6 protein chains.
Amino acid sequence: MRILMVNPNTTASMTEKAAVAARAVAAPGTEIIAVTSRMGPISIEGHYDGALAIPGLLMELKERQGVGYDAAIIACFDDTGLDAARTIADVPVLGLCESAVATAGFLAQRFTVVTTLERSRVLIDNLVRRYGMGGRAKVRASDIPVLELENEASGAIGKLRAEIEKALSEDGAEAIVLGCAGMTDLARDLQEIYGVPVVDGVAAAVKQAEALVSLGLSTSKRGSYASPLPKPFTGAMSSFAAMGTAS
Amino acid sequence: MRILMVNPNTTASMTEKAAVAARAVAAPGTEIIAVTSRMGPISIEGHYDGALAIPGLLMELKERQGVGYDAAIIACFDDTGLDAARTIADVPVLGLCESAVATAGFLAQRFTVVTTLERSRVLIDNLVRRYGMGGRAKVRASDIPVLELENEASGAIGKLRAEIEKALSEDGAEAIVLGCAGMTDLARDLQEIYGVPVVDGVAAAVKQAEALVSLGLSTSKRGSYASPLPKPFTGAMSSFAAMGTAS
Amino acid sequence: MRILMVNPNTTASMTEKAAVAARAVAAPGTEIIAVTSRMGPISIEGHYDGALAIPGLLMELKERQGVGYDAAIIACFDDTGLDAARTIADVPVLGLCESAVATAGFLAQRFTVVTTLERSRVLIDNLVRRYGMGGRAKVRASDIPVLELENEASGAIGKLRAEIEKALSEDGAEAIVLGCAGMTDLARDLQEIYGVPVVDGVAAAVKQAEALVSLGLSTSKRGSYASPLPKPFTGAMSSFAAMGTAS
Amino acid sequence: MRILMVNPNTTASMTEKAAVAARAVAAPGTEIIAVTSRMGPISIEGHYDGALAIPGLLMELKERQGVGYDAAIIACFDDTGLDAARTIADVPVLGLCESAVATAGFLAQRFTVVTTLERSRVLIDNLVRRYGMGGRAKVRASDIPVLELENEASGAIGKLRAEIEKALSEDGAEAIVLGCAGMTDLARDLQEIYGVPVVDGVAAAVKQAEALVSLGLSTSKRGSYASPLPKPFTGAMSSFAAMGTAS
Amino acid sequence: MRILMVNPNTTASMTEKAAVAARAVAAPGTEIIAVTSRMGPISIEGHYDGALAIPGLLMELKERQGVGYDAAIIACFDDTGLDAARTIADVPVLGLCESAVATAGFLAQRFTVVTTLERSRVLIDNLVRRYGMGGRAKVRASDIPVLELENEASGAIGKLRAEIEKALSEDGAEAIVLGCAGMTDLARDLQEIYGVPVVDGVAAAVKQAEALVSLGLSTSKRGSYASPLPKPFTGAMSSFAAMGTAS
Amino acid sequence: MRILMVNPNTTASMTEKAAVAARAVAAPGTEIIAVTSRMGPISIEGHYDGALAIPGLLMELKERQGVGYDAAIIACFDDTGLDAARTIADVPVLGLCESAVATAGFLAQRFTVVTTLERSRVLIDNLVRRYGMGGRAKVRASDIPVLELENEASGAIGKLRAEIEKALSEDGAEAIVLGCAGMTDLARDLQEIYGVPVVDGVAAAVKQAEALVSLGLSTSKRGSYASPLPKPFTGAMSSFAAMGTAS
């Protein structure tokens with residue numbers, strides 16, 4: 001079984017970390033093909049970054065259809081481009097948020113998602129509601145820029161732990177979901193420290209992808225996810241750089 | 001990996017059918033231990049049957065903890081006793097309804113669950129709402145007694161197909177969930193006939209069980225599913241037969 | 001009018017306290033027949049205890065149908081076995097939680113349920129949502145084991161009062177619902193102390209039972225609560241003691 | 001116990017019919033004081049009629065506080081002025097819709113309210129949602145002007161029965177709520193004909209009023225229903241006739 | 001374009017303040033006809049005041065239909081009598097709460113309404129839910145009597161600011177809605193101080209009224225807002241003073 | 001006042017039709033700058049087309065910030081890229097769906113949105129729910145490809161009328177919302193034919209944009225819509241044509 005995991009953040013080190021996490025839980029026969037999108041922002045923090053990450057994501061998914069894969073994972077907790085990806089797929093496509101909250105739902109009746117920046121909090125809360133977990137899950141932001149998670153000296157883990165502790169004491173959380181692909185390497189340790197299930201979206205998505213392939217199930221082509229109608233597309237984006245702002 | 005699947009319906013032929021379905025999707029290293037509850041109704045049709053099936057279910061789960069299993073599945077679409085089972089488990093416990101609707105949610109934005117009798121329809125609708133899918137899934141009954149599914153000559157399949165066709169034409173269903181453990185052998189054929197994903201709860205639960213075990217995740221012991229407090233239980237039920245009514 | 005009140009907790013002193021509360025509000029012509037279940041846990045704290053309390057409850061309800069009663073009350077705030085009980089009843093059956101929150105709804109637009117242990121909080125919150133009061137009522141736990149309510153020296157009342165005070169100051173509660181059958185004797189005093197309506201489930205259920213009988217209304221036998229279908233039940237539970245854990 | 005029932009429809013024959021229904025279910029010691037509002041529309045059909053019926057209703061409630069009553073009922077299914085009435089009450093105040101849907105909730109998991117005119121359908125649906133029954137109850141209109149219910153030759157009963165039959169066949173209704181005070185005399189017969197619980201709001205409200213008085217519970221004076229603040233009111237309405245339109 | 005703005009609070013200075021705010025945002029060709037109701041309470045604080053303010057409001061709307069207006073605004077944040085007003089209108093009718101929360105919804109995903117007294121908080125929360133913003137907006141009370149907003153020395157602004165600061169720090173509010181017509185003059189200053197959108201209902205309603213008139217859209221006369229049926233109204237209210245309580 | 005209206009469908013004739021509709025309702029001093037996106041699909045039908053239309057939309061919004069505009073409108077009923085657009089805006093940004101359903105909410109308690117293809121139905125239903133109108137509005141598809149609305153001979157209007165008629169007879173719709181920018185020229189005629197309000201999103205958005213600018217209100221920069229963080233973007237999309245499929 002071949003699972004294509006596309007990181008819509010154009011930062012290769014983040015892809016690599018996710019690939020390690022994915023391979024750590026993959027079944028013996030599963031190959032993880034981890035690719036970094038070639039177009040878009042270096043990290044996805046909020047609606048704007050997310051929207052501009054989608055073309056690069058879709059291009060990877062389309063280009064690699066020739067080579068073939070049995071399922072695809074979008075390696076960003078915002079489930080960036082998930083609906084669009086499903087329309088072009090003839091295989092299952094998994095997002096991290098949807099996979100993680102479904103997984104947490106089997107383990108706990110109430111749980112908390114801890115994400116990075118405040119600007120992503122409502123975005124993820126809207127996803128959680130759409131997936132039906134709005135009545136069971138709270139979303140918290142821990143004020144960590146995404147790429148600080150790549151840097152051990154950044155103090156990011158301290159902030160994350162502080163927010164998890166609030167979730168346990170104030171929300172009555174029975175489990176924790178880590179709300180960023182960049183946190184994937186922290187799940188096991190945090191689970192041991194806090195003694196509650198800690199769900200990582202990358203790992204959860206790998207197992208859901210394997211499950212759907214084994215079950216012979218794929219994205220419905222009736223209704224919402226029907227294949228795109230044939231039609232001309234126009235224009236060119238000579239450089240995505242113009243859409244960003246150098247710091 | 002050992003998965004204990006307990007059928008709370010005390011009908012061995014039904015267990016056997018579910019075991020076949022479970023083994024058909026299980027990963028190479030997964031052993032399915034299929035057991036039939038020794039106490040309770042021969043089939044679970046509505047709230048009364050379900051409530052009286054729980055002690056037998058819990059007894060199987062407890063007794064086999066000595067031998068050991070890595071996850072458990074309750075082989076009834078009503079998710080009979082699921083909450084109680086989770087409190088005594090130190091492993092993941094999966095219900096068919098919860099597993100199936102979570103699985104369908106990855107494939108379709110709107111779907112329909114087709115179950116057996118009208119008396120089970122609202123019961124399952126309440127589950128679907130609690131699991132967060134109330135806004136995405138409709139539940140239909142097809143007027144089939146559970147054990148007629150064991151009998152090919154019963155006309156049950158015709159009734160089921162008629163209801164699936166209504167789901168597609170009237171509900172805008174993008175996928176179908178089969179709402180009874182006894183329908184597990186029909187999923188693949190129905191998927192081919194109708195060209196939409198058809199999700200079977202037994203198979204879905206096996207893959208979710210494998211996923212959780214692989215991920216090192218287990219039922220939260222904080223809050224709702226905390227281990228039962230030590231306390232005396234009293235009484236005896238010299239015969240469950242007194243609770244049924246011979247036809 | 002004869003109202004059968006079954007306590008699914010197998011502790012007779014608790015039944016006696018509930019009987020006193022029931023008789024205190026019963027109409028002149030109403031006889032309260034208070035019985036303690038003979039099978040199951042001595043107190044119901046969480047899902048496991050609750051599930052194993054149901055057979056004993058149903059047995060009492062069935063056995064006494066010969067003698068006759070006009071309505072039944074299940075004397076546990078978790079509404080243990082309520083749905084199953086309704087299917088075998090040809091009379092109205094009331095739960096404490098459903099009765100209490102419906103009653104509170106006539107008196108206040110927003111209110112708080114204060115229950116015993118954290119493990120019961122989400123369980124009751126799920127009931128409150130299912131009964132339609134999720135948008136109007138909050139549920140709080142006060143960290144009191146059920147049987148400490150039988151013991152005046154336990155400090156339980158202090159904990160309960162502290163939680164009621166939080167409900168008033170933090171939740172904007174306009175009324176309080178006592179979320180355990182064992183609190184039934186405290187309602188009047190707490191109402192006087194805090195000057196807001198304090199609703200006790202036992203008393204509320206008695207009046208709802210009387211109301212339904214007077215109105216000539218009984219459980220619908222169409223759909224969810226249709227009478228159980230005739231079918232064999234098998235097995236025996238030689239001792240419930242095996243299901244508990246001596247402390 | 002004295003229950004004041006005010007009919008905010010200024011049609012005495014309708015009050016009389018409601019009084020008969022109320023007395024038929026009242027407990028031996030309960031006195032029903034049935035009064036017809038002296039100001040407002042002869043029947044309440046929609047938002048405009050309802051709004052102009054409130055001053056007359058409130059005046060009756062205030063004027064009779066001197067004489068004294070233990071609970072009050074507003075005899076209109078739109079629960080006209082219920083919130084305002086509760087703020088001036090030091091006793092429980094019941095509306096027909098709130099009482100009826102709470103009562104139906106003890107008998108059935110899903111039910112249908114059948115009201116008179118289409119213009120009242122959404123108004124009542126909004127009430128049903130606010131009372132928390134939006135997920136359990138559907139509202140249907142049967143195209144009957146309110147006062148045709150006073151006239152046996154009007155064909156109103158035929159229309160009502162047709163709509164009940166649709167509720168049973170299309171909505172999966174397990175019980176029926178009659179959505180107009182003018183239907184109060186039909187409940188018993190319809191219950192016999194259809195074999196499902198048929199709930200009348202007048203009778204339900206009487207029993208809820210008796211229940212609350214017996215329980216020593218009254219409207220919360222904290223928050224929403226706090227007593228009106230003292231302040232001047234100005235103006236006069238020399239004739240309500242100007243607000244109507246002679247047919 | 002002529003917009004009739006009726007203040008259902010019978011305090012002329014409050015009407016004048018709202019008129020100034022309305023004219024400040026009105027388009028060049030828009031005439032604001034600001035009138036104070038001649039019947040009812042001097043300020044609307046809770047359900048009772050609101051209910052008794054409606055006849056005076058409806059009378060103004062009816063009497064001025066002869067002269068003509070293109071849209072109407074009800075100048076109270078409780079949307080007092082809005083549904084009734086729409087049934088007699090052949091023009092659009094706007095409430096402040098509905099206009100303000102719809103406006104805020106274009107600017108922010110989550111926001112907080114800050115109103116006056118606790119007794120109005122749940123009333124407004126119910127409106128916010130009915131308008132569909134319950135999942136996006138929180139309502140807070142700042143403990144300010146309505147007419148203290150007319151008095152600069154009252155300390156009201158300090159209380160209001162304290163509550164806005166809590167909304168920003170505790171609710172994650174992205175915008176603020178001022179929940180009382182009497183706060184209309186404060187919006188611009190507060191917006192500058194806090195750097196988030198601050199929406200005033202009077203101004204919002206004026207622009208919505210202009211928008212609907214320009215679009216050729218008016219209240220639907222099908223269903224809920226159908227014109228009142230012709231029928232006699234009876235009685236007289238010789239003095240509203242009897243309904244108030246001199247302080 | 002200058003309103004920039006960007007059509008994310010890359011079909012100029014559709015932009016022109018929307019511009020005519022926008023100018024027809026714009027206030028005297030309002031200039032409508034209508035531009036067609038230069039990148040993406042010729043029509044937006046479903047999730048895939050929509051996702052690939054966003055970069056072109058954002059580019060227009062960014063490039064024209066130099067010249068200046070006071071508000072922006074995204075001329076597609078799917079509210080394509082609305083959240084992302086708001087993060088880069090220092091002015092209000094309006095979508096057609098959000099503007100239209102908010103407008104309809106002032107006119108009717110229940111209404112129906114009639115869109116084009118089935119694949120857009122759930123997408124729009126999800127928007128309607130997120131905007132809070134899920135309990136008040138139903139969404140229907142009329143099986144019309146978007147560009148057939150540009151062709152009078154296509155029979156599209158007949159299909160649209162058939163679906164509106166179903167909305168009136170089956171949904172109890174009190175108003176109709178046209179669910180595609182390409183239907184903008186039909187609103188007035190349909191309103192006359194059916195005698196209920198018919199809301200067009202283009203016209204509604206223009207008036208909401210004018211309203212917000214007049215009110216001095218703009219997108220909140222706190223939380224969800226905070227300005228994008230400065231960061232590098234990489235890659236280039238040498239041709240969008242590769243993303244489409246020539247018919």
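The expected span of a helix is 1.5 Å times one less than its number of residues. Keep that rule handy for helix 5 of chain F, which has 13 residues (118-130) and reaches 19 Å from first C-alpha to last, close to the 18 Å expected. Everything here comes from a predicted model. Below is a quick tour: chain A as a whole, two helices, a few single residues, and two chain pairs that do not touch.

**Chain A overall**
- Chain A carries 8 helices and 10 strands.
- Its radius of gyration is 17 Å, and a compact globule of 247 residues would come in near 18 Å, so the two agree.
- If you want a box for it, the C-alpha trace of chain A spans about 55 × 45 × 35 Å along its principal axes.
- Of the 247 residues in chain A, 68% are buried.
- Take the contacts in chain A between residues at least 6 apart in sequence: 69% of them join residues at least 24 apart.
- The accessible surface of chain A is about 7,400 Å², and carbon and sulfur atoms account for 51% of that.
- On the charge side, chain A has 23 positive and 28 negative charges, and the mean positions of the two sets sit 6 Å apart.

**Helix 5 of chain F**
- This helix is mostly covered, with 10 of its 13 residues buried.
- The buried stretch is made up of Arg119(F), Ser120(F), Arg121(F), Val122(F), Leu123(F), Ile124(F), Asp125(F), Asn126(F), Leu127(F) and Val128(F).
- Part of the cover comes from another chain: helix 5 (118-130) of chain A is included.
- From chain F itself, the cover includes helix 2 (47-63), helix 4 (96-105), strand 6 (111-115) and strand 7 (137-141).
- Just after the helix, Gly132(F) takes a positive phi of about 95°.

**Helix 1 of chain C**
- The 14 residues of helix 1 (residues 12-25) of chain C should span 20 Å at 1.5 Å a residue, and the end C-alpha atoms are indeed 20 Å apart.
- Its buried residues are Met14(C), Thr15(C), Lys17(C), Ala18(C), Ala19(C), Ala21(C), Ala22(C) and Val25(C).
- As background for reading that list, an α-helix has 3.6 residues a turn, so residues three or four places apart point the same way.
- Cover for these buried residues includes strand 1 (2-7), strand 2 (31-36), strand 9 (198-200) and helix 8 (201-214) of chain C.
- Chain D chips in too, with its own helix 8 (201-214) among the covering elements.

**Ala72(C)**
- You'll find Ala72(C) in strand 4 (residues 71-74) of chain C.
- Ala72(C) counts as buried because its relative accessible area is 0%.
- Leaving aside residues up to four places away in sequence, Ala72(C) touches Leu4(C), Leu61(C), Val91(C), Pro92(C), Val93(C) and Leu94(C).
- Ala34(C) is 38 residues from Ala72(C) in sequence, and their C-alpha atoms are 10.0 Å apart in space.

**Thr11(E) and Ala12(E)**
- Thr11(E) sits in the loop between strand 1 (2-7) and helix 1 (12-25) of chain E, whereas Ala12(E) is in helix 1 of that chain.
- Thr11(E) is buried, at 14% relative accessibility, while Ala12(E) is exposed, with a relative accessible area of 51%.
- Not counting residues up to four places away in sequence, Thr11(E) touches Thr36(E), Ile42(E) and Leu147(E).
- Ala12(E) and Val35(E) are 23 residues apart in sequence, with 8.2 Å between their C-alpha atoms.

**Asp143 in chains D and E**
- Asp143(D) has a positive phi of about 65° despite not being a glycine.
- For Asp143(E), also not a glycine, the positive phi is about 60°.
- Asp143(D) lies in the loop between strand 7 (137-141) and helix 6 (156-170) of chain D.
- Asp143(E) is placed in the loop between strand 7 (137-141) and helix 6 (156-170) of chain E.
- Asp143(D) is exposed at 51% relative accessibility, and Asp143(E) is exposed at 52%.

**Chain pairs that do not touch**
- Chains A and D share no contact, and their closest C-alpha atoms are 15 Å apart.
- Chains B and E do not touch either, with 15 Å between their nearest C-alpha atoms.

Note on methods
Residues are numbered from 1 along each chain as its sequence is written. Chains are lettered from A and ligands numbered from 1 in the order in which they are written. This is a predicted model: local features need pLDDT of at least 70, side-chain atom pairs count only at pLDDT 80 or more; totals for chains, interfaces and linings use all residues. Side-chain values use heavy atoms; hydrogens and water are left out. Helices (H or I, at least four residues) and strands (E, at least two) are DSSP runs, numbered from the N terminus. Buried means under 20% relative accessible area, exposed over 50%, partly exposed in between (1.4 Å probe, protein chains only). Contact means heavy atoms within 4.5 Å. The radius of gyration is taken over C-alpha atoms; the globule rule is 2.2 Å times the number of residues to the power 0.38. Accessible areas come from the Shrake-Rupley method with a 1.4 Å probe; for residues, only the protein chains shown count as cover. Lys and Arg count as positive and Asp and Glu as negative; His and the chain ends are not counted. The place of a charge is taken as NZ of Lys, CZ of Arg, CG of Asp or CD of Glu.
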